[in-house]
Amino acid sequence: SSFKGPQEGKVSWRFTEEHMVDLLCSPVIGEDGTIYFTSNRSLYALNPDGTLKWKFVPGRMINSSPMVGAGNIIYLGTGTAVPGPYGNGCYYAINSDGSVRWEFKINSEIYNYGEAMGLDGKIYFPDVGGTLYSLNPDGTLNWKTRGADGFEGGGYSSISMSPDGSVLYIAGLDSTLNAVSVETSDIIWQFPLGLLLESAPLVDSEGNIYVFGFKNKKDGYLIYSITPGGKIRWTYHNIEIWNMQLHADMFMDAEGHIYFCKKYELVSLDYTGQLRWTAPIDNGFFSPILGDRFGDIYLTGIMKSVYAFNHSGQKIFECAIEPHAQVMIGGAISADGHLYISESTDLYCIR
């Protein structure tokens with residue numbers, strides 16, 4: 001984030017609504033400070049004080065994070081219509097007042113934790129059937145492709161882009177990382193990961209990519225640093241990890257330090273893949289790691305806590321969430337220094 005994150009570790013407010021469940025996608029913040037997040041049936045827009053601004057109910061299942069583009073337009077993928085035939089999805093562009101700008105229907109479902117938008121406003125997302133779509137800013141089809149063997153489009157899938165916006169990085173159903181040309185939809189290269197990647201590839205300002213991989217039973221899980229040309233830059237092998245942590249994105253700060261979690265530890269590597277430090281986390285880890293402009297790190301434990309560390313590994317705070325809270329998914333930092341996170345039935349604002 002370009003803003004400073006929270007420092008107190010206190011809950012400012014929480015938002016909930018009857019029958020609001022499955023808030024397992026990250027919230028995002030619009031240019032006017034509006035907070036957008038999804039439940040299993042609705043897209044919500046909240047004012048910064050936690051009051052409801054509007055909600056959009058498409059009549060479809062939702063298990064995707066919203067994305068905000070220029071002009072405060074919100075983009076959202078959805079699944080099956082309720083009631084309706086199984087296996088039909090729709091991608092929406094929604095105006096800042098909650099009205100539908102356009103919709104694009106497909107014969108599959110869309111369940112993404114992170115999509116991508118190009119510098120020219122084109123939108124990129126996969127469906128659960130393994131097809132990768134590119135839409136024009138007006139909601140018409142630019143291209144679609146299944147690549148070599150289909151792309152990961154369910155669960156916790158996310159897409160990343162190269163710094164110049166010319167290449168997409170997305171997991172293949174054949175357990176590869178794929179570099180896809182945004183211009184032609186051709187696969188530029190594939191890199192074997194040994195597992196189906198369910199987190200977003202991390203891309204730095206030089207175009208290097210960082211992903212989890214699985215080498216073999218002896219060596220187990222590792223992190224690959226891959227060059228923009230698809231070659232190994234370095235590997236980090238010392239990972240003891242839960243499978244659920246492969247759903248959680250790595251993070252890089254402005255100095256090139258890399259952060260990820262292994263079991264009960266937050267780990268920091270330097271830009272060359274050497275260990276900097278580890279810091280204990282009491283109750284495990286699930287969410288993507290967030291960072292603010294000053295290098296402070298934020299993440300959520302799997303058992304009801306939000307953690308903040310500085311770039312040296314010192315704990316700033318541990319904020320316990322109310323006892324009913326379950327799995328939490330880290331979200332977004334606002335201009336006034338608040339952190340918004342979702343858990344299964346509530347959205348929390350942390351100051």
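**View 1. Tyr36 is buried in this predicted model.** Its relative accessibility is 0%, so Tyr36 counts as buried. Trp54 is buried too, with a relative accessible area of 12%. The ring centres of Tyr36 and Trp54 lie 6.0 Å apart. Their planes meet at 45°, so the pair is tilted. Tyr36 belongs to strand β3 (residues 35–38), and Trp54 to strand β5 (residues 52–56). The pair thus links distant parts of the chain, 18 residues apart.

**View 2. Phe15 and Tyr44 form an edge-to-face pair.** A pair of aromatic rings is described by the distance of the centres and the angle of the planes. For Phe15 and Tyr44, the centres are 5.9 Å apart. The planes stand at 65°, which is over the 60 degrees needed, so the pair is edge-to-face. Phe15 lies in strand β1 (residues 11–15). Tyr44 lies in strand β4 (residues 43–46). The two residues are 29 apart in sequence, so their pair ties together separate parts. Phe15 has a relative accessible area of 9% and is buried. Tyr44 is also buried, at 2% relative accessibility.

**View 3. Strands β4 and β5 make a hairpin.** The two strands pair in the antiparallel sense, over four bridges. Leu46 has Leu52 of β5 as its bridge partner. Five residues stand between the strands. In this hairpin, Gly50 takes a positive phi near 90°.

**View 4. Ring pairs link six named residues into a cluster: Tyr75, Tyr91, Trp102, Phe104, Phe125 and Tyr133.** The structure as a whole holds 22 aromatic pairs. Phe125 falls within strand β11 (residues 123–126). Tyr133 falls within strand β12 (residues 132–135).

**View 5. Four strands form an open sheet.** The order is β10-β11-β12-β13, and the pairing is antiparallel. The edge strands are β10 (116–117) and β13 (141–145). Each of these pairs on one side only. Between strands β11 and β12 there are four bridges. Here Pro126 stands opposite Leu132 of β12. In a regular strand the side chains alternate between the two faces of the sheet.

**View 6. A charged end sits over a ring.** The charge belongs to Arg233, and the ring to Tyr271. The charged end of Arg233 is 4.3 Å from the centre of the Tyr271 ring.

Key:
Residues are numbered from 1 along each chain as its sequence is written. This is a predicted model: local features need pLDDT of at least 70, side-chain atom pairs count only at pLDDT 80 or more; totals for chains, interfaces and linings use all residues. Side-chain values use heavy atoms; hydrogens and water are left out. Rings of Phe, Tyr and Trp (its six-membered ring) pair if their centres lie within 6.5 Å; planes under 30 degrees apart count as stacked, over 60 as edge-to-face and the rest as tilted. Buried means under 20% relative accessible area, exposed over 50%, partly exposed in between (1.4 Å probe, protein chains only). A charge sits over a ring if NZ of Lys or CZ of Arg is within 6 Å of the ring centre and within 35 degrees of the ring normal. Two strands pair if DSSP finds at least two bridges between them.
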